[in-house]
Amino acid sequence: MGEILVFNENESITNESITVEKFLSFTARRGTLSSDSFLYLVGSDGNLVSYRIDPVNFFLIYRGTRLLTGVPRDVAVSGSRAYVAAGQAGLHAVDVSNPSSMQLRETLTRFGSVLSVLADEDRLYLAGDLTFWILRREPDGGLTTLGSL
């Protein structure tokens, strides 16, 4: 990724506030958009980072960071959960209902190495080294394995 113009939530944005210091470099492995105008990125530094998208000014407004274990490789959002494929560490389920204060809810290691994740309304699709899993999201936030290949 190139440079991203980032502002903090409490900053007023004017032409005078746009300076060179506002351009940040961030090495992101993957990113995903939520339906409520938030961007979630996983970085090579192990962080899940959230930004609010300002559609009027075309800015990303920093909201929060959550350090995760493993090597985050991919992220998908479904409802108020972000699911992070974290390689050998497994799958992280992060509560993003408050993007300024994201909370790790659980880390699932039963899948072994998780390299990629995709989400739709009620399903997750995980890809590992040698296996592909299909999971159902339960109303309580739990995950049920529907099948694997």
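Which residue in β13 is the bridge partner of Tyr125? The answer is Ile134, and the legends below place this pair in its surroundings.

**Figure 1. The predicted chain is built from strands without helices.**
This is a predicted model. The secondary structure comprises zero helices and 14 strands. From the N terminus on, β follows β through the 14 elements. Of the 149 residues, 43% count as buried. The accessible surface comes to about 8000 Å². Carbon and sulfur atoms account for 50% of that surface. Consider contacts between residues at least 6 apart in sequence: 35% of them join residues at least 24 apart.

**Figure 2. Confidence varies along the chain, from β2 to β9.**
The mean pLDDT of the chain is 84. A score of at least 70 is reached by 83% of the residues. Strand β2 (residues 23-25) has the lowest confidence, with a mean of 48. Strand β9 has the highest, at 97. Residues 1-5 fall below 50 in pLDDT, and this stretch has 16 contacts beyond near neighbours in sequence. Residues 12-24 are also below 50; there the model shows 21 contacts beyond near neighbours in sequence.

**Figure 3. Strands β7 to β10 form an open antiparallel sheet.**
The four strands lie in the order β7-β8-β9-β10. The edges are β7 (74-78) and β10 (103-108). Each edge strand has a single partner, so one side of each is left without a neighbour in the sheet. Neighbouring strands are turned by 20 degrees against each other on average, direction ignored. Within the sheet, β8 (residues 81-85) and β9 (residues 91-95) run antiparallel and are joined by five bridges. One residue pair to find here is Val84 with its bridge partner His92 in β9.

**Figure 4. Leu91 sits in the largest nonpolar core.**
This core has 14 residues. Leu91, Val117 and Leu126 touch the most other members. At least two residues each come from β8, β9, β11 (114-119), β12 (123-128) and β13 (132-137). A second, separate core has 12 residues, including Val75, Val77, Ala82 and Val96. Now follow Leu91 outward, leaving aside neighbours within four places in sequence. Its contacts include Tyr83, Val84 and Ala85. Glu106, Thr107 and Leu108 are also among them. So are Val114, Val117, Leu124, Leu126 and Leu143. In soluble globular proteins, nonpolar side chains tend to be buried together.

**Figure 5. β12 and β13 meet in a hairpin.**
Three residues connect the two strands. The strands run antiparallel, with five bridges between them. Tyr125 and Ile134 form the bridge pair named at the start. Which side chains of β13 are buried, and which are not? Trp133, Leu135 and Arg137 point to one face and are buried. Phe132, Ile134 and Arg136 point to the other face and are not buried. The side chains thus alternate along β13.

**Figure 6. β13 continues into a hairpin with β14.**
Strand β14 covers residues 143-148. Five bridges hold the antiparallel pairing of β13 and β14. Arg136 has Thr144 as its bridge partner in β14. Five residues lie between the strands of this hairpin. Gly141 takes a positive phi near 95 degrees in this hairpin.

Definitions and conventions:
Residues are numbered from 1 along each chain as its sequence is written. This is a predicted model: local features need pLDDT of at least 70, side-chain atom pairs count only at pLDDT 80 or more; totals for chains, interfaces and linings use all residues. Side-chain values use heavy atoms; hydrogens and water are left out. Buried means under 20% relative accessible area, exposed over 50%, partly exposed in between (1.4 Å probe, protein chains only). Contact means heavy atoms within 4.5 Å. Accessible areas come from the Shrake-Rupley method with a 1.4 Å probe; for residues, only the protein chains shown count as cover. Two strands pair if DSSP finds at least two bridges between them. Axes are lines fitted to C-alpha atoms, for helices over the stretch in contact, and angles run from 0 to 180 degrees between N-to-C directions. pLDDT is the predictor's confidence in each residue, from 0 to 100. A nonpolar core is a set of buried Ala, Val, Leu, Ile, Met, Phe, Trp, Tyr and Cys residues joined through side-chain atoms within 4.5 Å.
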